[in-house]
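User: I am new to this structure and would like to go through it step by step. Could you take my questions one at a time and reason each answer through?

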Amino acid sequence: KLAELPEGAPVVAMVHGWRCAPDLRGDCPHGTILGLDPPGGNRRVVSWPRHLGLDGCHGLAIGLGWQARCGLWTAHRRARLAGAALAEIAERVAHLAPGRRLQVIGHSLGARVALNALAAAPPGRFGRLILLAAAETRGFAEAALASPAGRAAEIVNVTTRENDLYDALFEWGVHLGLRTSVGQGLGRAAPNWRDLWIDHPETRAALAGLGHALPPPPRRICHWSPYLRPGIFALYRALLEGSLPLQALPPPRPARRWSRLFTHGGAWDLGPPPSLPQA
């Protein structure tokens, strides 16, 4: 498939987050978000490869499934191992198709997998990484950016105040409140990192001016908003294909933390109750 791709067509690794695992009935990502034709009936299940146009002709999708159906601490550790596997995939792509870089889109702890892959890979193996509601700390993201592969990559950190509760659960459930999640932004400017606050009105207005209109957030709490918001996949597709430069994205404009939680109106979308962390 790599040899048949047109020049410039993206090769994209897609990485799921917590509470999914291959071959588990109902929780296998390859039959849901990473599949081309997932079953209906679940509002949070949409086909990433289909919406990204990764049909094997205009782009190639690689679904990375990893064992994340476990306690939060265990999944946090396993994400590092999955990152090493993702780095190996990038190396394989470079071997089979010299000159091609692997692009990545990952949700929640899948974003941690992506950043761990940067830390484990040689320079030039990765192009753009799109992190969706990332479950990772600023400190580790800084270290990944400083790695040889990280300095050669570009990262779009898609975040929203709808995810504040999940950011707080990650900060306290894994790091005992001693670390800040990149869900609150990187905390500094970096030439190859862009925080994209998709709930902010000025950000949405700027994206609409680029041809990517997004509706306002319908919920006060939602961990899945970065891939459920109508129109959002067209934006990701443009980023992964390279038709939208990183520099064209609007500057970060975060609202006050918890501002979505205490706003008037909007539903809560908490999903299933989380498992207690396991040592």
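User: Is Asp23 buried or exposed?

Analyst: This is a predicted model, and in it Asp23 lies in the loop between β1 (11-15) and α1 (48-51). Its phi is near 70 degrees, a positive value in a residue other than glycine. Because the relative accessible area of Asp23 is 72% and the cut-off for exposed is over 50%, Asp23 is exposed.

User: Is Ala133 buried or exposed?

Analyst: Ala133 belongs to the loop between β4 and α4, and although it is not a glycine, its phi is positive, at about 50 degrees. Its relative accessible area is 2%, and since buried means under 20%, Ala133 is buried.

User: How does Gly124 count in terms of relative accessibility?

Analyst: Gly124 sits in the loop between α3 and β4 (126-132), where, leaving aside neighbours within four places in sequence, it is in contact with Arg101 and Ala152. Its relative accessibility is 22%, which falls between the limit for buried, under 20%, and that for exposed, over 50%, so Gly124 counts as partly exposed.

User: What is the mean pLDDT of the protein chain, and over which residues does pLDDT stay under 50?

Analyst: The mean pLDDT of the protein chain is 92, with 94% of its residues reaching 70 or more. Where pLDDT is low, the predicted coordinates should not be read in detail. That caution concerns the stretch for which the model has 17 contacts beyond four places in sequence while pLDDT stays under 50, namely residues 273-279.

User: How do the axes of α2 and α3 lie with respect to each other?

Analyst: The axes of helix α2 (residues 72-96) and helix α3 (residues 109-120) come within 7 Å and cross at roughly 45 degrees. The contact is made by residues including Leu72, Ala75, His76 and Leu86 of α2 and Leu109, Arg112, Val113 and Ala120 of α3. The crossing is right-handed, and because an angle of roughly 45 degrees is neither under 35 degrees nor in the range 65 to 115, α2 is oblique to α3.

User: Is the crossing of α3 and α4 left-handed or right-handed?

Analyst: The axes of α3 and helix α4 (residues 138-146) come within 8 Å, crossing at roughly 40 degrees. The crossing itself is left-handed. Leu115, Asn116 and Leu118 of α3 make this contact with Phe140, Ala141 and Ala144 of α4, and the handedness asked for is left-handed.

User: How is α2 placed with respect to α6?

Analyst: α2 and α6 pack with their axes 10 Å apart, at an angle of about 90 degrees. Because that angle falls in the range 65 to 115, α2 is roughly perpendicular to α6. The residues that meet are Leu72, Trp73 and His76 in α2 and Phe170, Gly173, Val174 and His175 in α6, and the arrangement is thus roughly perpendicular.

User: How far apart are the end C-alpha atoms of helix α6, and how many of its residues are buried?

Analyst: At 1.5 Å a residue, the 12 residues of α6 (residues 164-175) should span 16 Å, which agrees with the model, where the end C-alpha atoms are 16 Å apart. The helix is mostly covered, with Tyr166, Ala168 and Phe170 among its buried residues. Just after α6, Leu176 takes a positive phi of about 55 degrees. The distance is therefore 16 Å, and the number of buried residues is nine of 12.

Definitions and conventions. Residues are numbered from 1 along each chain as its sequence is written. This is a predicted model: local features need pLDDT of at least 70, side-chain atom pairs count only at pLDDT 80 or more; totals for chains, interfaces and linings use all residues. Side-chain values use heavy atoms; hydrogens and water are left out. Helices (H or I, at least four residues) and strands (E, at least two) are DSSP runs, numbered from the N terminus. The expected span of a helix is 1.5 Å times one less than its number of residues. Buried means under 20% relative accessible area, exposed over 50%, partly exposed in between (1.4 Å probe, protein chains only). pLDDT is the predictor's confidence in each residue, from 0 to 100. Contact means heavy atoms within 4.5 Å. Axes are lines fitted to C-alpha atoms, for helices over the stretch in contact, and angles run from 0 to 180 degrees between N-to-C directions. Angles under 35 degrees count as roughly parallel, over 145 as roughly antiparallel, 65 to 115 as roughly perpendicular and the rest as oblique. A crossing is left-handed if the near helix is turned anticlockwise from the far one by less than a right angle, and right-handed if clockwise.
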